[in-house]
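Morning, everyone. I'd like to walk you through a few spots in a structure, so let me put it up on the screen.

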Amino acid sequence: MFELENAKTTQGLRRIAIDPVSRVEGHGKVTLLLDEQNKIHQARLHIVEFRGFEIFIKGRPYWEVPVTVQRLCGICPVSHQLAACKAMDAIIGAKQLTPTAEKLRRLMHYGQLVQSNAVHFYHLASPDLLLGFDCEPTQRNIIGVAMKYPDIAKQGILIRKYGQEVIRHTAGKRIHGTGAIPGGVNKALTAAERDELKKDLPQLIEWAQGGVELVERYFEANPAFFNSFGLFESSMMGMVREDGALDIYHGDLRVKDAKGEPIIDRFNYETYTQVLREEVKPWSYMKFPYIEKLGPEKGWYKVGPLARLQTCDFIPSPLAEAARQKMLAIGNDQPVHSTLSYNWARIIEVLHGLEVIQDLLDDPDVLGKDLTVKGERQEEGIGVIEAPRGVLIHHYKVNEDDQVTMCNLIVSTTHNNQAMNTAIRSVAMQFLDGRVISEGLLNHIECAIRAYDPCLSCATHALGKMPLQVELDDAEGQCLSLLRRDSSGRVHMSDIHDD
Amino acid sequence: MTTEVLLTAWGNTSRGDDALGPSLLQRLNAWALSSGMAERFEWVEDFQLQIDHALNLEGKTLALYIDAGQNTPAPFSFSPISPLKQPWHTTHAMPPESVLAVFEQTFRKPPCPAFTLCLKGEDFGIREGLSLAAQNALESALVFAQKLLNNPTPEAWLALAHAPPL
């Protein structure tokens with residue numbers, strides 16, 4: 001049993017719900033149970049997991065799946081496309097892609113990492129870093145940043161745009177791309193496209209270094225706050241290549257404990273069903289994955305930028321590795337676990353992604369024309385990739401008529417379910433316990449959630465919008481007052497019951 | 001030929017009526033191609049609006065944002081929009097007003113006149129294809145949008161925005 005997961009009693013407690021309302025099915029909310037002194041007795045992140053997409057996939061021909069699954073998420077469609085393609089590589093017996101195909105897929109994937117992390121860092125995280133938590137909430141966003149720091153905001157937009165351009169040139173188009181197919185890719189990169197992508201890279205790398213320095217300065221100005229905000233220790237899982245380097249496209253999975261010691265030094269992701277289990281809890285539709293041999297209470301872990309930068313032995317690009325070493329130094333030989341460090345790790349990954357893209361564009365293989373392979377047909381395929389938010393598992397079975405008969409997806413947000421719940425409890429205890437509830441304090445909880453940037457679309461296997469609604473309820477669940485941030489970002493407050 | 005008018009639609013074609021925006025854009029594009037008008041416009045389709053969509057506004061004189069709506073007027077609504085400095089708070093969605101605001105603050109100049117065309121959807125569950133009500137909304141909106149594209153000036157669009165939809 002986790003602390004604050006279940007209150008001993010709900011008698012006499014009030015309930016607060018931070019409720020993202022989705023126009024499509026699938027959404028999440030945070031609920032807090034407080035007593036009359038506003039002492040917290042229970043904190044939970046609920047996500048209504050909607051498994052419809054797995055059913056949607058069943059019966060479809062396998063070659064269609066890499067395109068269809070892109071609709072799972074509007075932010076990282078490429079990750080779903082590539083994870084599905086890796087699984088389908090196994091289905092068609094393509095054990096080893098051609099060098100050109102693998103490098104073009106990597107180019108596409110690192111473009112995805114750059115654009116997604118850039119949106120997160122510059123759009124979601126930097127407002128907290130640049131403007132501070134006490135800033136007027138409506139200004140704590142990319143527009144607030146743009147007003148005060150126009151250069152930073154513009155750099156964020158242009159880095160995101162660049163990542164999208166890498167995707168466009170490798171996937172064929174920015175959305176609904178068909179570049180990656182089972183067995184390889186179907187589009188070669190032209191010399192003109194390569195040269196166009198190379199042109200702006202030095203400038204972008206310089207901007208990403210500026211982003212890293214921004215977080216470093218923020219840490220130096222607020223080390224105590226930075227280290228303590230939403231702090232909790234946990235195991236971590238990430239993908240590493242054979243020599244222990246970070247690899248977000250392909251490798252084994254490694255799990256380390258909270259002290260940085262290996263729990264499983266590496267395992268082949270095709271054996272994930274023997275290593276991982278998913279626990280079901282009555283109060284949440286989203287499952288809680290854990291390492292089977294450790295059990296649910298000790299076996300949970302976090303994934304994503306902060307986890308993978310610490311499960312790997314090194315980042316195989318010099319500027320990002322130097323930045324990683326600086327980040328690790330704040331841990332004094334212990335892993336870094338503070339929630340705000342996710343943002344630090346994320347901008348280091350932007351820098352790494354751009355360095356990798358530069359190396360790939362300098363590699364003559366990316367202009368090759370040998371694009372596909374195939375081998376002996378199989379009935380089952382598992383594809384795993386490091387999506388921007390963490391480990392993404394796609395698992396399919398395909399019948400002799402080429403139709404998908406089984407689909408199982410474990411997305412990054414699901415892996416982080418327990419970690420997000422723990423982060424919320426940590427922040428709730430740190431900033432809300434015993435104090436008057438206000439929008440500013442609730443933003444701290446939102447900030448903890450933002451660090452993981454949960455993809456409710458993926459977690460619910462749906463695509464939705466997430467305006468926020470905060471309810472103050474009594475113990476019986478009756479709404480006493482309502483604070484709602486609508487789809488335009490405006491905040492409305494209303495009393496529901498006079499008594 | 002310069003494309004001074006931006007047409008942007010977004011939505012997920014696997015989520016039922018969420019596909020209304022892309023569906024209308026595709027129908028409009030086919031019509032504009034057949035009538036030789038397509039090159040007058042910049043056509044943008046995406047899953048969701050994002051900060052970099054502000055870049056598409058550079059050099060434009062007029063912009064139209066097309067989306068599906070829930071609990072919005074049937075069969076569609078058409079109205080002018082302005083930059084809104086209270087934008088979205090996640091990486092997974094952004095309203096068009098915030099895109100305008102990002103442009104304004106980043107480029108330090110006002111965006112071009114912009115409008116939304118919001119088609120009412122009924123069913124946003126996981127499936128392909130539009131509901132019957134959404135198909136009707138699509139047909140109505142297509143006729144209306146053709147009028148817009150035939151006369152792409154802020155004055156003409158503003159006059160249509162102030163008139164009843166049909």
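Let's begin in chain B, where the buried residues of α1 pack against β1 (5-10), β2 (41-46), β3 (62-69), β5 and α3. Quick vocabulary: helices (H or I, at least four residues) and strands (E, at least two) are DSSP runs, numbered from the N terminus. A residue is buried if 20 or more other C-beta atoms lie within 10 Å of its own, exposed if 12 or fewer, and partly exposed in between, with C-beta atoms placed from the backbone. Two residues are in contact if those C-beta atoms lie within 7 Å.

Some housekeeping too: this is a predicted model, where local features need pLDDT of at least 70, side-chain atom pairs count only at pLDDT 80 or more, and totals for chains, interfaces and linings use all residues. Residues are numbered from 1 along each chain as its sequence is written, while chains are lettered from A and ligands numbered from 1 in the order in which they are written.

Back to α1(B). Which of its residues are buried? They are L20(B), G21(B), P22(B), S23(B), L24(B), L25(B), L28(B) and A32(B). On length, the expected span of a helix is 1.5 Å times one less than its number of residues. The 15 residues of α1(B) should therefore span 21 Å, and the end C-alpha atoms are indeed 21 Å apart. Just after this helix, G36(B) takes a positive phi of about 70°.

Now for its partner, α3(B). Two packed helices are described by the angle between their axes and the distance between the axes. Here axes are lines fitted to C-alpha atoms, for helices over the stretch in contact, and angles run from 0 to 180 degrees between N-to-C directions. The axes of α1(B), residues 20-34, and α3(B) come within 10 Å and cross at roughly 45°. Angles under 35 degrees count as roughly parallel, over 145 as roughly antiparallel, 65 to 115 as roughly perpendicular and the rest as oblique. So α1(B) and α3(B) are oblique to each other.

Who touches whom? From α1(B), the residues are L20(B), S23(B), L24(B), R27(B), L28(B), W31(B) and A32(B). They meet A134(B), A137(B), L138(B), A141(B), L142(B), A145(B), Q146(B) and L149(B) in α3(B). By class, that contact has twelve nonpolar, two polar and one charged residues. For the classes, Ala, Val, Leu, Ile, Met, Phe, Trp, Tyr, Cys and Pro count as nonpolar, Asp, Glu, Lys and Arg as charged, and the others, Gly among them, as polar. As for the spacing you see in those lists, an α-helix has 3.6 residues a turn, so residues three or four places apart point the same way.

Two loops in chain B next. I126(B) is in the one between β5 (114-120) and α3 (132-150). I126(B) counts as buried because it has 24 C-beta neighbours inside 10 Å. In the loop between β3 and β4 (76-81) sits P75(B), and the peptide bond joining A74(B) to P75(B) is cis, with omega about -5°.

Over to chain A, with 18 helices and 17 strands. Of its 499 residues, 54% are buried.

The helix pair to look at here is α13(A), residues 318-329, with α14(A): they pack at an angle of about 165°, axes 8 Å apart. That makes them roughly antiparallel, so α13(A) and α14(A) run contrary ways. On the α13(A) side, L319(A), A320(A), A323(A), R324(A) and M327(A) meet residues of α14(A) including W344(A), I348(A) and L351(A). This contact has eight nonpolar, two polar and two charged residues. And α14(A) is mostly covered, with 19 of its 21 residues buried.

What about the loop between α13 and α14 of chain A? N332(A) is found there, with a positive phi near 50° despite not being a glycine. N332(A) is exposed because just 7 other C-beta atoms lie within 10 Å.

D402(A) is another non-glycine with positive phi, near 70°, and D402(A) lies in the loop between β13 (390-398) and β14 (404-410). With 14 C-beta neighbours inside 10 Å, D402(A) counts as partly exposed.

Last stop: E165(A), in helix α6, residues 150-171. Its C-alpha atom is 9.5 Å from that of M108(A), 57 residues apart along the chain.
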